Amino acid sequence: MKLLLLEDDDLLAESLAESLKDNGYLVDLAASLKAAKSLMATEHYELAILDLGLPDGSGLDLLAQWRKQKRSTPILILTARDTWEDKVIGLETGADDYLAKPFHEAELMARLKALLRRQSGQLSQVVTLNGVSLDKAGQRVCLEGETWRSLTATEFRLLRYLMLHPDRIHSKDQLLEQLYALEQDAAAPNLVEVYIARLRRYLGKSVIQTRRGQGYFFASH
């Protein structure tokens with residue numbers, strides 16, 4: 001699940017990106033409006049976190065532009081501007097949520113999860129398909145009637161993506177995009193095979209199936 005983080009404070013951006021990754025999200029960083037526009041034009045994001053005071057303009061202008069383009073990506077404003085007037089302007093411009101700095105990390109994560117649940121239409125933290133239950137909050141999985149098994153961050157991201165898009169064939173390149181951020185070194189395509197094999201050891205071979213020459217898909221039944 002890829003997120004865009006628009007933040008020009010390098011230390012805060014790196015710290016927040018690391019926390020988001022620890023919580024199972026994939027993060028692309030942008031330090032300017034120009035960089036954010038370029039990323040949003042070429043990448044698909046489930047959610048964007050937007051600062052307002054940026055070196056090349058106002059984040060509000062960018063938000064207004066995205067909404068004018070009919071982009072429905074959930075937007076959370078994260079800014080030092082904390083008056084009620086600022087919050088009203090941000091929400092009326094098109095933001096889905098507004099959090100002022102300084103903030104508690106736990107509150108930010110909870111707000112992100114709420115926005116993503118609303119966007120996907122899944123209000124439960126547990127996704128269940130074909131006898132497989134994925135606990136998004138606990139990053140763990142279990143088969144019907146068995147105990148929960150913890151997943152690594154990469155295993156979790158891969159399984160979550162497959163389960164949120166069942167019966168759809170995903171190529172190795174598409175899956176790699178979900179596993180690794182743009183700033184990371186290019187990953188070998190066989191890494192997808194490695195993580196698919198790990199998940200199959202937990203879940204069995206019938207749940208995650210291979211379509212030869214095309215990719216993988218999670219069978220919903």
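User: Two strands pair if DSSP finds at least two bridges between them. With that in mind, in what order do the 5 strands of the open sheet stand?
Analyst: A word of care comes before the answer: this is a predicted model. The pairing in the open sheet is parallel. Read across the sheet, the order is E2-E1-E3-E6-E7.

User: Which strands stand at the edges of that sheet?
Analyst: An edge strand has a single partner strand, so one side of it is left without a neighbour in the sheet. Two strands fit: residues 26-30 form one, and residues 97-100 form the other. They are E2 and E7.

User: By how many degrees are neighbouring strands of this sheet turned against each other on average?
Analyst: Direction is ignored for this angle. The value is an average over neighbouring strands of the sheet. It comes to 20 degrees.

User: Take strands E1 and E3. What is the bridge partner of Leu4 in E3?
Analyst: Strands of a sheet pair through backbone hydrogen bonds, either parallel or antiparallel. E1 covers residues 2-6 and E3 covers residues 47-50. These two pair in the parallel sense, over 4 bridges. In E3, Leu4 has as its bridge partner Ala48.

User: Now strand E9. Are Val132, Ser133, Leu134 and Asp135 buried or exposed?
Analyst: In a regular strand the side chains alternate between the two faces of the sheet. In E9 (residues 132-135), Val132 and Leu134 lie on one side, while Ser133 and Asp135 lie on the other. Both faces of E9 are covered. All four residues are buried.

User: E9 and strand E8 form a hairpin. Which residue in its turn has a positive phi?
Analyst: Strand E8 (residues 126-129) runs antiparallel to E9, and 4 bridges join them. One bridge links Leu129 to Val132 in E9. The hairpin has 2 residues between its strands. The one with a positive phi, about 50 degrees, is Asn130.

User: E9 also forms a hairpin with E10. Which residue there takes a positive phi?
Analyst: E10 covers residues 140-143 and runs antiparallel to E9, with 4 bridges between them. Val132 has Leu143 as its bridge partner in E10. The hairpin has 4 residues between the strands. The residue with a positive phi, near 50 degrees, is Gln139.

User: How many residues lie between E12 and E13 in their hairpin?
Analyst: E12 (residues 208-211) and E13 (residues 215-218) run antiparallel and are joined by 4 bridges. Arg211 is bridged to Gly215 in E13. In the turn, Gly213 has a positive phi of about 80 degrees. The number of residues between the two strands is 3.

User: Which peptide bond is cis?
Analyst: Most residues other than glycine have a negative phi, and most peptide bonds are trans. Pro102 sits in the loop between E7 and helix H5 (105-120). The peptide bond that leads to Pro102 is cis, with omega near -10 degrees. Its other residue is Lys101.

User: Is Lys70 buried or exposed?
Analyst: Lys70 lies in the loop between helix H3 (59-68) and strand E6 (75-79). Its phi is positive, about 65 degrees, although Lys70 is not a glycine. Exposed means over 50% relative accessible area. With 72% relative accessibility, Lys70 therefore counts as exposed.

User: What is the relative accessible area of Asp167?
Analyst: Asp167 is in the loop between H6 and helix H7 (172-179). Asp167 is not a glycine, yet has a positive phi of about 60 degrees. It is partly exposed. The value is 43%.

User: Which helix gives the largest share of the lining of the largest cavity?
Analyst: The structure holds 1 cavity of 30 Å³ or more, and about 40 Å³ of space lies in the largest cavity. Its lining is Met1, Glu46, Arg160, Tyr161, Leu164, His165 and Gln178. By class, that is 3 nonpolar, 2 polar and 2 charged residues. The largest share, 3 residues, comes from helix H6.

User: Finally, the whole chain. What is its radius of gyration?
Analyst: The chain has 8 helices and 13 strands, and 45% of its residues count as buried. Its C-alpha atoms fill a box of roughly 55 × 35 × 30 Å along the principal axes. For 221 residues, a compact globule would have a radius of gyration near 17 Å. The chain agrees with that, at 18 Å.

Notes:
Residues are numbered from 1 along each chain as its sequence is written. This is a predicted model: local features need pLDDT of at least 70, side-chain atom pairs count only at pLDDT 80 or more; totals for chains, interfaces and linings use all residues. Side-chain values use heavy atoms; hydrogens and water are left out. Axes are lines fitted to C-alpha atoms, for helices over the stretch in contact, and angles run from 0 to 180 degrees between N-to-C directions. On a 1 Å grid over the protein atoms alone, a cavity is a set of points where a 1.4 Å probe fits but cannot get out, and a pocket is an open set with protein on both sides within 12 Å along at least five of seven lines; lining residues have an atom within 4 Å of a point. Grid points are joined across faces, edges and corners, and a volume is the space filled by probe spheres set on the points. Ala, Val, Leu, Ile, Met, Phe, Trp, Tyr, Cys and Pro count as nonpolar, Asp, Glu, Lys and Arg as charged, and the others, Gly among them, as polar. The radius of gyration is taken over C-alpha atoms; the globule rule is 2.2 Å times the number of residues to the power 0.38. Buried means under 20% relative accessible area, exposed over 50%, partly exposed in between (1.4 Å probe, protein chains only).
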